[in-house]
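This briefing introduces a protein structure to a reader who has not met it before. Please look over the sequence and the model below before turning to the points that follow.

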Amino acid sequence: MKRTFYLMAICVCLLFSCKMESDLDPVIPDQDLGLSNLYLGGDKDMDRFLELYGLKNAEVQDLGEFYFVDNCILANKDKLLSGVYDINSDKKGNENAQVRTTALVSSSAWNYKLIKVKIDNSIPSSGVDNWRPEIEQALEDLNDVKNFRLKFELVSSGDYDILIKSDVGDPIPYNAIAGADWPSSGLPGSPILINLDYTNINDPSNPYDDIYNWTVPSAVKRRNIVHEIGHCIGYRHTNYEDLNEGPGSIGQIYVPGTFTTDPNSVMNGGTANTPWSGFSPFDILTCRTIYNYDWGEVPLFTYRTSHGGNLMSHHWSGDWYEYQNYSYQGFTGFFYQYQKSGTVPLYRYNHTTGLDYISIDSNIPNIDSAFTLDKIIGYVYNSSNSENIPVYEWYHPNEGHYFTTNSNEGYVSGAGWVGGGVAFYVESFY
Ligand SMILES: [Zn+2]
């Protein structure tokens, strides 16, 4: 009885998953399938699926395009490969800190979405409470993000999407510098409220050093505006876990490729006094993942896996879901999933020892027959231009090949690493 209930619960859960995947035919063939196609294990993706859903003892039949579990559950093989069935597949270990709300600003790839920002008359145009130059600067900072389809324009009359005004009459807490609303109905959140008599609490344990009506430095104003606009377009706090912020009704959707902590993220909360120091690489990844203009541009993700002892190997993909059980190491700029003008294929090779290698050279197996071609994982540049950056290639006998855009990367500073030459070029972060 208990088992029946448990399986029913899983069926409901999977039906829900199906609803999220519009291309999955939910019709399950209702026929006597016999046991001739009994699955006995060996497909690592299916074995992982059975483990994740607590179905290790279930009767599974292999029906070609899909597996059929206990005459109830359909597991499509393409979807198994792509990892969409994985529970919390968006969050593995220390990855995916940055989160967004479920609602976003309506927009689509290959189209810039103009967001009009208006400054209310309640923001003074002179004196220490004049935030106008910093608002203008913040919009420029956002507009400078590469491959970001949202564009911000300051308007003084007519329609607007985001109104920035003083919190007078609609006060936010005295120790909050600003507040913003989340996007809804496809529109950016509005308004942004600025606390013009913000109290700077230096030391929370010492109420005597609070500075009432703090004179906010220009770089602090600039950072706060970028941060609040981030909220208006659906970005939540990067350090939401430390701040104990739950999903609530607005949702908490992970941004693949970000890390649990990112001290440089402009979207960290509780940082009202922090001056602007630019977007972190993971802020950039978030903008270019959620609101990418060119849909084919993706981060070049690096993964690592252990082979026992101190032996490990690195692996690369533009597909976040490809290496489910490997540890994520970060991303190496951006490359393309289609052959953009001026780019060349980036080949991935498998070595007989289990090491992978990536190269723009299609001839590697002829140079070293221990390598076989796996596939083209995307497209990169073979020469420099004003928008791209070099990727340096390193090798260590125990760790295999490693690629980085950082010519001073600490990871390859230890004994045993050789290389350092330029392998190819990827789209730059900034
Ligand atoms: Zn915030």
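The points below move from the overall make-up to the strands, a helix and the nonpolar cores.

The model is predicted. The protein contains seven helices and 19 strands, and 37% of its 430 residues count as buried. Among contacts between residues at least 6 apart in sequence, 70% join residues at least 24 apart.

**Antiparallel strands**

- Strand S14, residues 344-351, pairs with strand S16, residues 371-380, in the antiparallel sense over eight bridges.
- Within this pairing, Val 344 has Val 380 in S16 as its bridge partner.
- S14 also pairs in the antiparallel sense with strand S15, residues 356-359, here over four bridges.
- The bridge partner of Tyr 349 is Tyr 357 in S15.
- S14 and S15 form a hairpin, with four residues between the two strands.
- In the turn of that hairpin, Gly 354 has a positive phi of about 100°.

**Parallel strands and their connection**

- Strand S5, residues 113-119, and strand S6, residues 150-155, run parallel and are joined by six bridges.
- Val 117 has Leu 154 in S6 as its bridge partner.
- Together with helix H4, residues 132-143, strands S5 and S6 make a right-handed β-α-β unit.

**Helix H5**

- Helix H5 covers residues 218-232, which is 15 residues.
- From its first C-alpha to its last, H5 reaches 21 Å, close to the 21 Å expected at 1.5 Å a residue.
- H5 is mostly covered, with 13 of its 15 residues buried.
- Gly 234, just after H5, takes a positive phi of about 110°.

**Nonpolar cores**

- The largest nonpolar core has 77 residues.
- The residues with the most contacts inside this core are Ile 192, Phe 335, Leu 346, Val 380 and Val 426.
- Domain 2 (99-290) and domain 3 (297-427) each supply at least three residues to this core.
- Leaving aside residues up to four places away in sequence, Val 426 touches ten residues by name: Leu 300, Thr 332, Gly 333, Phe 334, Phe 335, Val 380, Asn 388, Ile 389, Val 391 and Thr 405.
- Val 380 thus appears in two settings, as the bridge partner of Val 344 and among the core residues with the most contacts.
- A second, separate core has nine residues, including Phe 49, Leu 50, Leu 55 and Ala 75.

Methods:
Residues are numbered from 1 along each chain as its sequence is written. This is a predicted model: local features need pLDDT of at least 70, side-chain atom pairs count only at pLDDT 80 or more; totals for chains, interfaces and linings use all residues. Two strands pair if DSSP finds at least two bridges between them. A crossover is right-handed if, with the strands pointing away from the viewer, the path from the first strand over the helix to the second runs clockwise. The expected span of a helix is 1.5 Å times one less than its number of residues. A residue is buried if 20 or more other C-beta atoms lie within 10 Å of its own, exposed if 12 or fewer, and partly exposed in between; C-beta atoms are placed from the backbone. A nonpolar core is a set of buried Ala, Val, Leu, Ile, Met, Phe, Trp, Tyr and Cys residues joined through C-beta atoms within 7 Å. Domain bounds come from an automatic or database domain assignment. Two residues are in contact if their C-beta atoms, placed from the backbone, lie within 7 Å.
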